[in-house]
Amino acid sequence: MADINRRDFLKVSGAAAGALTAGGLGFDVAQAKAVKQTLKIAGAKELHSVCPYCAVGCGLVAYTRQNSDGSTRLLQIEGDPNSPINEGRLCPKGATAMQLATSRRRVEKPLYRAPGSSKWEEKDWNFLLDKIAQNVKASRDRTFVGQDAAGNTVNRTEGIAFAGGAAFSSEEGYFTTKVMRTLGLVHLEQQARV
Amino acid sequence: MTNHWRDLKNADLILINGANPAEAHPVGFQWFIKAKLDPERGPGAGGGAKIIHADPRFTRTSALADTYLQIRTGTDVAYFGGFINYVLDKGLFHDEYVRNYTNASWIVKDGYSFKDGLFSGYSKDKRSYDISTWAYENTATSGSDTFARRDMTLQDPRSVFQLMKAHYARYTPEAVENITGIPKADFLKVAELVGEMGRPDKVMSIVYAVGLTHHTTGGQLIRSAAVLQLLLGNVGRPGGGVNAERGHANIQGNTDHAISWEILPGYMRIPAPGQKNLDDYVAQSAPKKSDPNSWNFFGLNYRNFTVSLLKSWYGKGATKDNEFAFDYIPKPAVNSSWISIFDQALKGKMEGLLLSGMTATSIGPDSNQVLQGLANLKWLVVMDAFPTTSSEFWRAPGQDPAKIQTEVFMLPATHWIEKEGSFVNSGRWAQWKDQVVPPEGNARHDNWILAELFDRVKRLYQSGGGKFPDPINAMTLEYADPLKPSFDELASEINGKDLTTGKQMASFALLKADGTTSAGNWIYTSSYTESGNNMKRRKGIEDPAANDPTGMDFYPNWT
């Protein structure tokens, strides 16, 4: 059989039309062709991503297709065979990353829990953002220290903290640091500490 | 990592401490196995690299290691110390490397000592060290530089080399056995392999994870590994280095961008109270060289990096006349890290907390403390795609919601695959990811959430006044839509610009302290240049000859 890799094999065997000759693969696939199996990802858009789990940074290839209503359907996530890091391989978590992306456990609406309440209320983004902004300003004004006891200019907000970020993009992280330091936060932490 | 994942296949010997990569980083672990299966690698005549796993537990990594050593938790200082002693005692260190490329030849000043388990300068009352004696003997001053005296023969009893030899002499194989629990004979078998790694044609890698960091002595544990590697000449070589296996998809990127109380993006220190201006700040923070031949690029560029960062953040609000807005940066007085957040909350001093993609109750060492802390807050914001033990804390088992006054806001955030942007792995490769699917339903990107929030806070200050709104008013938002900064715009800002031409900076070496350059993070300067987004490059293993011409696994055009 001719020396052929998995990717090329799938490309050839997925061809819906055209005679497959013995020369192409080194053997006759006429019988297999008779089964007429269409690849799940045939005609799909191929994009690149990186696994959201550990810090190996496995390359991912993600396949999508547009639905008739214009929405995008995620078909498949697999390892990127060209990545010098994982060479197409994925661990059980990476291999099932699609489950993370499509999980129905995700929070569908912005939610608000009032003080002392035993339940969530569905609210819109504006309601929540306005209330949070008021809280931020009030807490900042109450706990801001401009000058410390020794007369040093310190300009710090002692009563607001931020924690997190290991799972979002660097660009979001940078913006977080910029905003939080601008608000005067000194308690700025993420998973590295723990 | 000083090196990177694929590079591990170049090692002759791999020491794994406080880590279980076969289970926790399985795809990365393929490179350890490749080294093991490569007949060109390995001690002696080769036949495959050897893997030594030192861990309190026998795990799947242990099962694949050539030698498993059961070690008592947190005793790796004695373990590495034992190898350091072995290597020094038998003269197996890499002589040329140690002599020329480490501080082994530098003379330590009189006054430094170590006796009965304590270094010089210890105050019993303060329970801390005055470290002024922990310094070199100086020989000459040139400008603001003071150089250390050196003895290239390494014989001077006050040389770092000789002091180190004396210090590590205590870690005999017997002492190692007593402290670590590793039988002396087993330890010596591994020591012999380690000793061989000082040869210029051999290279060893040390790999670790939270088994070394999760200790109050974590810094010392890791530093011991670094000292050993420097003695053996294993830093700065393929297959070598001191390699942390980090835990999250982008912990490295966000560490670099300083979501940490004590640093600024690019690892400059957060300023301290008492530092009145940039001169004070740089004088007290920037590393200084002790050798005339030392490049000290970080110390040399400290001010350039800091001013360029301030220009990114405060733009026209950062000028020569106001120390480039130096005072806009908050100056913490005390440790303001993770533990402090909940400590302060328990004391009623922390009013609000924002969490993103991280659940405090499940990640810290004391869930109960966190639950109590969260219940003490006035408000809690959780930005996440899923409900978490933190967003739901107020109705956790054993909690009485009626008694908990915390206002809680659950903001649905987007998944990694619903947005572009870069993730930086443990090997420090910044890889750009495409936006594969649009945000689902009501979910929003974290940067859009924060931009909206910031805008509202700013308006409140503008209409109602309040404490020191200056930084808030000055913060740059040079985005097509300030409420929706795009990932490209942010990446471009992080890279930095030449403010006189408007062009992207090509290199961190070109950053200046006169306000003519900006860079959100000098480490990433040249990631997003005039020629494009370098983090998007994908020249990989499909053509090794073209894409990795040296064959040393650099793949310089993959990201």
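**Burial, strand pairing and helix packing in a two-chain model**

Colleague: Why is B:Ala19 called buried?

Modeller: B:Ala19 has 23 other C-beta atoms within 10 Å. A residue is buried if 20 or more other C-beta atoms, placed from the backbone, lie within 10 Å of its own, exposed if 12 or fewer, and partly exposed in between. The count of 23 therefore meets the condition for buried. This is a predicted model, in which local features need pLDDT of at least 70 and side-chain atom pairs count only at pLDDT 80 or more, whereas totals for chains, interfaces and linings use all residues. Residues are numbered from 1 along each chain as its sequence is written, and chains are lettered from A and ligands numbered from 1 in the order in which they are written.

Colleague: Where in chain B is B:Ala19 found, and which residues does B:Ala19 touch?

Modeller: B:Ala19 belongs to the loop between strand E1 (13–17) and helix H1 (21–24) of chain B; helices (H or I, at least four residues) and strands (E, at least two) are DSSP runs numbered from the N terminus. Leaving aside residues up to four places away in sequence, B:Ala19 touches B:Val207, B:Tyr208, B:Ala209, B:Gly211 and B:Glu245, where contact requires C-beta atoms, placed from the backbone, to lie within 7 Å. B:Ala19 and B:Ala209 are 190 residues apart in sequence, yet their C-alpha atoms are 4.9 Å apart in space.

Colleague: What makes strand E8 (residues 138–142) of chain B lie largely in the open?

Modeller: Of the five residues of E8(B), the number buried is zero, so this strand lies largely in the open.

Colleague: How do you know that E8(B) pairs with strand E9 (residues 145–148) of chain B?

Modeller: Four bridges join E8(B) to E9(B), and the two strands run antiparallel. Pairing asks DSSP to find at least two bridges between two strands, so the condition is met. One of the bridges sets B:Ala140 against B:Phe147 in E9(B). The hairpin has two residues between the strands, and B:Gly143 takes a positive phi near 65° there.

Colleague: Why does one side of strand E20 (503–504) and of strand E21 (517–518) of chain B have no neighbour in the sheet?

Modeller: The open sheet has three strands in the order E20-E19-E21 (chain B), with antiparallel pairing. E20(B) and E21(B) stand at the edges with a single partner strand each, so one side of each is left without a neighbour in the sheet. Strand E19 (residues 497–498) of chain B pairs with E21(B) over two bridges, and B:Asp498 stands opposite B:Thr517 in E21(B).

Colleague: What makes helix H7 (residues 170–182) of chain A and helix H17 (residues 446–464) of chain B roughly parallel?

Modeller: H7(A) and H17(B) pack at an angle of about 20°, with their axes 9 Å apart. Axes are lines fitted to C-alpha atoms, for helices over the stretch in contact, and angles run from 0 to 180 degrees between N-to-C directions. Angles under 35 degrees count as roughly parallel, over 145 as roughly antiparallel, 65 to 115 as roughly perpendicular and the rest as oblique. The two helices are therefore roughly parallel to each other. Among the residues that meet are A:Phe175 and A:Val179 in H7(A), and B:Leu450 and B:Phe454 in H17(B). By class, this contact has four nonpolar, two polar and three charged residues; Ala, Val, Leu, Ile, Met, Phe, Trp, Tyr, Cys and Pro count as nonpolar, Asp, Glu, Lys and Arg as charged, and the others, Gly among them, as polar.

Colleague: Why is the pair of H6(A) and H17(B) called oblique?

Modeller: Helix H6 of chain A comprises residues 125–143. H6(A) and H17(B) pack at about 55°, with axes 9 Å apart. That angle falls in none of the named ranges, and the helices are therefore oblique to each other. The residues that meet include A:Leu129 and A:Val136 in H6(A), and B:Leu453 and B:Leu460 in H17(B). This contact has eight nonpolar, one polar and four charged residues.

Colleague: How many residues of each chain are in contact with the other chain?

Modeller: The contact involves 101 residues of chain A and 123 residues of chain B. H6(A) supplies the largest share of chain A's side, 14 residues. By class, that side has 47 nonpolar, 33 polar and 21 charged residues. The two chains are also joined by five bridges between strand E7 (residues 153–164) of chain A and strand E14 (residues 352–356) of chain B, which run parallel. A:Gly164 has B:Ser356 in E14(B) as its bridge partner.

Definitions and conventions:
Contact = placed C-beta atoms within 7 Å.
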